[in-house]
Amino acid sequence: MESISRISNLLESARELTLDAAQAARSSRSTTRSLPPAQLKKLLDSRNDREVLDGLRRVISMMYRQQKTLTYFSSVVKNVASPNLEIKKLVYIYLIHHAEQEPDMALLSINTIQKSLSDANPQVRALALRTMSGIRVPVISQIVSLAIKKGVVDMSPHVRKAAALAIPKCYRLEPSTLPQLLEYLATLLGDKQYFVAGAAVSAFMEICPDRIDLIHKHYRSLAKKIVDMDEWSQLAMLRMMSIYARKCFPRRKRSSKTNNKSADLQDFYGEGASEPASEEEQVVVLDPDLVLFLNAIRPLLQSRNAGVVVAVARCYMDIGTPEYAKTSVGPLVALLRGAQDIQQVALYNIVSVCLAHPESFVKYASHFLVRATDAAPVWELKLEVLALIFPYSPLQTKSLILNELEHFSRGTNKALVREAVRAIGRCAQADPATAPRCMRLLLGQITSLDGTLAAESLTVIRHLIQQDPQGHTGTVVRLAKNLDSATDPQARATIIWLVGEFAGLNGDDNIAADVLRILVKDFADESEIAKQQIVLLAAKVYLHHLNRETEAQERGDKDQDQPPPNSEEHPIARLWNYVLLLVRYDTSYDLRDRARLYKALLSVPQLATLMLLAPKPAPQAPSPSETRKGFMLGSAALVLAGGGGVHGLRGYEPLPDWVEEGREPNPKLRGQDTGRSEYDEKRAVPAAQMLGDAGSQGTRSNGLGAATAAGTGAKTLDDWLAEDEDEKAEDEDDEEEESEEEEEESEEEEEESEEGEEEDDDESSEELDDSKAELEGFLNG
């Protein structure tokens, strides 16, 4: 009979499961169809859990489709006391969404939710606490605070996590509850469960990020739990620890002397008077607690979340040393295998790290080669990285980078062509050894039919020529010969400006005057930017002519008896006057003003020399991301380069400065420090040792107390067992020594007895001799 009843029960449960599955499938297909309000209310008021669940699903579906569901508030809320967990969840979702619109009706359900806080099921308790904190009605702030207090000491870690997540909601609801919330938060920060501590850290960063005094005693435990936390908690934890490190660990440096080992043989044999030079290098000394945290977050570099990887790299850059920062290079490069949006954000952070440590990215140069599918922001950043790592690369990598840039400089995408040519220029400026190759590459492109390519190439060539003017005189002559083939206005203006800069070389043999003569013929057909450079060229050529005549008069090379020739009849002077005549009738008022300015300056040659022929500093082409320096990795301000104007993006907060040495909090607040070292990481202290240390604090002043403390303080079980074996061995040794001593004593006694017997024999023999002598004397007498 028992077997038949068991089979019937199984069949009944299988039938109920089948009905539930069919109902769920039917409701999933028919939820989108709206029912009349009366029929929907009938479902919500039903006593059957299946019908109530169907009605709630329909209401929630309507709510998320932006349809009006407030009319069902009373019918939905009265199901809050249902024992069915699925019904409770849907009612709580509806209640959180509509509590602000119907606060009075929502307050009626608070008592039922409070009763759920004492439910035997921890999932129900956590859900009730989450719902109560989500009801944004200021009247219940104290009730929410009491619910959080109850959840903080709950046995279930899931309820404690819900309490930690409810703290920021309660603070936003009523900021005056902050003192109470801080007490709860201090308890939750020391929770043994990592997901509870992670939620507490998130709440800490939201309501009181400056209260680092709450972190001191939990610092080491939090550092060990960070690996097991969820991604959101890890991000909050990394941010909090960065602030904590800046405020609690001063940046200490010590100087280490590096001796110069390249001493010659004379110094070795003492024949030279020179002493070996020594260089002092500043080395950062990290606090052992900071080293503990930096080593604890190293496994997070393998996280599947790109934000966590960037956050770890930020910690290593902001509070670590260059050695730590270099370990984050590989994981950052690995982010380039993700989607394009992740690639772009990752590249912004990679460029920021590359500006500080470019040599670390050399071995990953192949990852930054431009692909045909890359978007414009992606290939711009890739070209920038290639230019940054170029001077630190071996010859093979340099050749690869230059071939890559040359290939894209001859493409059809004008923006890509422009960036590739600029990257070639930055490579030439960063590495003078490859500047000739870059110059030949660019000179081969000035005759291109693409005006954009020619103009950008000439701009870069101008920058390179200004780096070494004396070594590029022939380059300027070559550019002047290609002036007829240059059609782009900017390209022609660049060539004319370069010819004017070299107009003072070789005296009258300079090509500048002849170039000016050719340009003046088609002056009317030139662009305005080219006309401006032609006028400037004419002014420079005429000024050099005046200076040469003045120098010749001062040297007295000319015959004083003969009158000086008329300078106005000189071809250069006539060219200058002709240019002024052409500009006078030009339509550009800017050009006419420039001509009048130059004419007035040339009336005083000394002033004109200072203004027009002054040496010009060599232009530098910094990396485009230089403006992003100083922004934290992973921030929106880094991606937008501060794009909020003068004040930056709203909400961006930089890290605080390093605390000054002597003003940092007492390290003992983070725990008892024993055997701290400047370089070694503090090992984890076992519980037995901690108990031993606690017992050794109350040592007496006599030697016995000190000996007892030294013998019982820092010993583990293995030490005690080893000590017992040592004691046994010592006892055996003592017994052997005692037996040896006894044997020695017995031997000594025997020797003494023998000596005593010998002495007695000697005395007895002496007495016999004396008695014999006395007897002989008596007989003889």
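**Exercise 1.** Leaving aside neighbours within four places in sequence, find which residues L537 is in contact with.

*Solution.* Start with the rule: contact means heavy atoms within 4.5 Å. Set aside the neighbours within four places in sequence, and L537 turns out to touch I496, V499, G500, A512, V515, L516 and L519. A word on the model: it's predicted, so local features need pLDDT of at least 70 and side-chain atom pairs pLDDT 80 or more, while totals for chains, interfaces and linings use all residues. Residues are numbered from 1 along each chain as its sequence is written, and side-chain values use heavy atoms, leaving out hydrogens and water.

**Exercise 2.** Place L537 in the largest nonpolar core, and say which helix gives the most to this core.

*Solution.* A nonpolar core is a set of buried Ala, Val, Leu, Ile, Met, Phe, Trp, Tyr and Cys residues joined through side-chain atoms within 4.5 Å. Buried means under 20% relative accessible area, exposed over 50%, and partly exposed in between (1.4 Å probe, protein chains only). The largest core has 101 residues, and L537 is among those touching the most other members, along with F361, F368, I389, I461 and L479. Helix α29 (residues 528–555) gives the most, with 10 residues; helices are DSSP runs of H or I, at least four residues, numbered from the N terminus. Another core, of 98 residues, lies apart, including L90 and I207.

**Exercise 3.** Is V604 buried, exposed or partly exposed?

*Solution.* First find V604 in the loop between α31 (589–602) and α32 (605–612). Then check its relative accessibility: V604 counts as partly exposed because the value is 38%.

Terms used. Helices (H or I, at least four residues) and strands (E, at least two) are DSSP runs, numbered from the N terminus.
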